[in-house]
Structures are given as C-alpha cells and as structure tokens.
Amino acid sequence: MPSPASSETSMESGRDTESATVPGPILLLGAPGVGKGTQAKELVKLWNIPQISTGDLLRGNVARGTNLGKTAKEIMARGELVPDSLVDEMVAARLLEPDTARGYILDGFPRTLGQAHWLDGRLAAQIESLPVVAVSIQVNYNQLLRRITGRRNCPVCQTIYNVYMRPPQREGFCDVEGAELVQRADDTEEVFKERMRAYEALTRPVVEHYRVLGRFAEVDGDKPIAEIAAGIVSTVERLRKAA
Ligand code: AMP
C-alpha cells in the first residue's frame, strides 16, 4: 500500500536514485503546448513512475489501426476531443498495469468534467490509492503557438524538439537517433486554434474542479525545463503534505 509522500526527496537525490517519495496519481493540466509531455518525461526520470499520455495512447491506436484508432483518427485531426467513454475505457485498461502501483503521471487526461468525475470515482473506489494532486502549467498564448507549430518529434526515441527554441544540432534530424524528425498532423496553426477552443470550453472547467478540491497548484511554464520540473516536484510534495 502506498504511504504518504515524504519530504526527503530533493531534485539531486531524485536524479541519482529512485525518489523516496511515493508520488501517487499526479495530473498534469494545461493548454496544448504548455509542455505537459516534456515535463511528464522529466518526472518519470525523477520518480520512476509511468507517464500515461492519452494523446500517445490514442496515436498508438491510430497507428495500429484498432477500432478505437479508426474512430479517433478524424476527431484528432480536427483538434476535437475523442468521446469520454472511449478515453475512460482506454485509461482504465492502462491503470490496471502493475507499473502504476506507486503512482503515475496523467498527461492530457482528464480533459472534460465527465472524465474528471470518472477518474475521481475510480480513485475513490480504490481504498489503497492516494488522492490525485493536479498541477497546471501556465504559458501565454503566443508562446504556445510557437511551441506547437515549432514542435518536432523523433519517431524512434520520442525526444521532443522545437525548431525555434530547442532545435536539433542537425536541422530536421534527431541528435540521439539520427532519425528524421516528424511533425504531428495536429500541430498546425489552424488545428491549434481548434484545440485551444476545445481547451477553453471543456478543459478549463477541469482546472476549476481541482482548484475547488484544494489539491491543485499552478506552475510557471515559461522557464528552463529543469526549473519547471523542480517546481512541479516541490509543488506535489507540498500538496501531498497538505492532503
Ligand atoms: P495531446 O497529445 O494530449 O495533445 O492529444 C492529441 C489529441 O488527442 C487531442 O487533440 C484530442 O483529439 C485527443 N485526446 C487526447 N487526450 C484526450 C482526452 N483526455 N479526451 C479526449 N480526447 C483526447
């Protein structure tokens, strides 16, 4: 059974060894492009718990041509949200994996109040689970647009680059794998605007939901990656102590 988070972890010790903190379920919230995926990867290294990205899981389904993938493909290409019931079911299956026992980072979920209520109900039914803590990453609109339209991924190791802010050494190719970088189909300006509309209408209320519950904090996402990660770690520890 997970025990409450301890305060022993520092960024340094967390980098070298598995952290003493039991992080529990953590929600990374924020608009498209705030860096949820990048930060989730940092936290995976610090805490040795999995990142569960619903966007990645859906893209995996699209790539494998599953029924879910076939339904999701067009919806995602338009920047709209995949229906709650499909996403909830996909997350439910992922949370049954044993690597989630000490906690996990949900990246891109919940994105609607319906998904938030489903998750709250599921966690409440699990007596051994710590409550979720939610961290929202804040970045201004123009910065988000540059992040989204400049984003390129390595299809092999999934490293995320940005042609404006974090370019690879050789233009268009991954520093680690040498593979040709790819741009997500929904990382265009037009689709970004639709994703922002979906965020404001459907996901903003999720932020308010967790704010009201009191296990919520915001961090400034317009800083170096390691600094933001350090801010998230200390925020989660503070929220865990208060919970
Ligand atoms: P992301 O990689 O998180 O930006 O997600 C890419 C796309 O996948 C979104 O624009 C949605 O179409 C879909 N998606 C990801 N997560 C969810 C979710 N929790 N609920 C509904 N649709 C989602």
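Here is a short chat about aromatic rings and charges in this predicted model.

Trainee: How many aromatic pairs does the rule give here?

Mentor: Two aromatic pairs. One of them is Phe-109 with Trp-118, at 6.0 Å centre to centre and 85 degrees between the planes.

Trainee: Why is the pair of Phe-109 and Trp-118 called edge-to-face?

Mentor: Rings pair if their centres lie within 6.5 Å, and planes over 60 degrees apart count as edge-to-face. Phe-109 and Trp-118 have 6.0 Å and 85 degrees, so they pass on both counts.

Trainee: What makes Phe-109 buried, and Trp-118 partly exposed?

Mentor: Buried means under 20% relative accessible area, and partly exposed runs from there up to 50%. Phe-109 has 0%, so it's buried. Trp-118 has 25%, so it's partly exposed.

Trainee: And why is the pair of Tyr-141 and Phe-192 called tilted?

Mentor: Their planes are 55 degrees apart, with 5.6 Å between the centres. Stacked needs under 30 degrees and edge-to-face over 60, so 55 degrees lands in the tilted group.

Trainee: Which parts does the pair of Tyr-141 and Phe-192 tie together?

Mentor: Tyr-141 lies in helix H7 and Phe-192 in helix H8, so the pair ties together parts that are 51 residues apart in sequence. Tyr-141 is partly exposed at 37%, whereas Phe-192 is buried at 0%.

Trainee: How do you know that the charged end of Arg-166 sits over the ring of Tyr-161?

Mentor: CZ of Arg has to be within 6 Å of the ring centre and within 35 degrees of the ring normal. For Arg-166 the distance is 5.7 Å, so the distance part fits. Arg-170 also lies over a ring face, that of Phe-173, at 4.0 Å from the ring centre.

How values were computed:
Residues numbered from 1 in each chain as written. Predicted model: local features only at pLDDT ≥ 70, side-chain atom pairs only at ≥ 80, totals over all residues. Heavy atoms only, no water. Buried < 20%, exposed > 50% of the residue type's maximum accessible area, 1.4 Å probe, protein only. Helix = DSSP H or I, 4+ residues; strand = E, 2+ residues; numbered from the N terminus.
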